[in-house]
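Me: I should like to learn how to read the features of a structural model. May we go through them one at a time?

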Amino acid sequence: MSCKRQTGFLFLTLLMACAAMTPVSGQGPVITGVGPVNRSMAGAGTAAPLDSIGAVHWNPGSISALETSEISFGLELLDVHIGLSSTVGGVTNRTEGDAGWSPVPSIGWVHHVADTPVTIGLGINAIAGFSNNLPQDSSNPLLAAGPAFASAEFLQIAPTISYALSDCLSIGVA
């Protein structure tokens with residue numbers, strides 16, 4: 001089978017699989033940036049290094065453009081309202097829960113190595129997580145047997161290095 005036919009077959013298969021899917025929702029909040037400074041710009045600091053947290057996370061090469069070595073700490077609190085809906089036998093029930101406040105920490109460190117075009121950094125950011133606390137509810141079949149509680153937070157640890165090729169161009173990896 002030629003590459004063109006294989007690509008067409010794969011595309012058609014994916015299209016049919018997507019058309020047959022049943023919609024399901026379960027996504028929580030989507031955080032637009034990391035750290036308070038980057039979030040204040042709605043995550044738009046990819047090409048403009050605003051602080052060490054956002055620069056290390058979004059564009060490792062941009063840490064060379066920060067004016068000085070720096071360390072930044074950020075802590076945001078997220079208050080999410082959780083609800084669980086279920087439909088059984090044509091009857092829909094919804095139970096509201098109280099997930100409480102979830103911490104969203106971020107740390108960024110950038111150091112310009114003296115008399116070299118090298119900049120090193122380290123980022124520690126909360127990139128995903130959830131918290132759920134739903135009470136027992138006899139009218140909701142999914143919660144009739146008892147309450148549901150779950151919590152997790154996932155951190156990204158990113159050692160970073162950047163090399164400035166010129167005043168306007170640098171490359172980096174994390």
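Me: Is Glu96 buried, partly exposed or exposed?
Reply: This is a predicted model. Buried requires under 20% relative accessible area and exposed requires over 50%. Glu96 has a relative accessible area of 48%, so this residue counts as partly exposed.

Me: With which side chain does Glu96 meet in a salt bridge?
Reply: Side chains of opposite charge can pair when their charged atoms come close. Here the partner of Glu96 is Arg94, with 2.7 Å from N to O. Arg94 is likewise partly exposed, because its relative accessible area is 48%.

Me: How many salt bridges does the count give?
Reply: The count comes to 2 salt bridges. Besides the pair of Arg94 and Glu96, there is one between the side chains of Glu76 and Arg39, at 2.6 Å from N to O. This pair links distant parts of the chain: Arg39 belongs to helix α2 (residues 35-40) and Glu76 to strand β1 (residues 70-88), and the two are 37 residues apart.

Me: What is the relative accessibility of Arg39, and what is the relative accessible area of Glu76?
Reply: Glu76 has a relative accessible area of 17%, and is therefore buried. Arg39, at 32% relative accessibility, counts as partly exposed.

Me: What is the order of the strands in the sheet?
Reply: Strands of a sheet pair through backbone hydrogen bonds, either parallel or antiparallel. In this model an open sheet of 5 strands follows the order β1-β2-β3-β4-β5, and the pairing is antiparallel. The edges are occupied by β1 and β5 (170-173); each has a single partner strand, so one side of each has no neighbour in the sheet. From one strand to the next, the twist averages 20°.

Me: How many bridges join strand β4 to β5?
Reply: Strand β4 (residues 148-164) is joined to β5 by 4 bridges, and the two strands run antiparallel. As one example of bridge partners, Ala164 is matched with Ser170 in β5.

Me: Which residues form a nonpolar patch on the surface?
Reply: A residue needs over 30% relative accessible area to be part of a patch. The nonpolar patch consists of Ile71, Phe73, Trp109, Leu122 and Ile157, which together have about 530 Å² of accessible area.

Me: Where does Phe73 lie, and is this residue buried or exposed?
Reply: Phe73 is located in strand β1. Its relative accessibility is 62%, so Phe73 counts as exposed. Strand β1 thus holds both this exposed residue and the buried Glu76.

Technical notes:
Residues are numbered from 1 along each chain as its sequence is written. This is a predicted model: local features need pLDDT of at least 70, side-chain atom pairs count only at pLDDT 80 or more; totals for chains, interfaces and linings use all residues. Side-chain values use heavy atoms; hydrogens and water are left out. A salt bridge is a side-chain nitrogen of Lys or Arg within 4 Å of a carboxyl oxygen of Asp or Glu. Buried means under 20% relative accessible area, exposed over 50%, partly exposed in between (1.4 Å probe, protein chains only). Two strands pair if DSSP finds at least two bridges between them. Axes are lines fitted to C-alpha atoms, for helices over the stretch in contact, and angles run from 0 to 180 degrees between N-to-C directions. Patches are made of residues with over 30% relative accessible area and no salt bridge: like charges are joined within 9 Å, nonpolar side chains (Val, Leu, Ile, Met, Phe, Trp, Tyr) within 5 Å. Accessible areas come from the Shrake-Rupley method with a 1.4 Å probe; for residues, only the protein chains shown count as cover.
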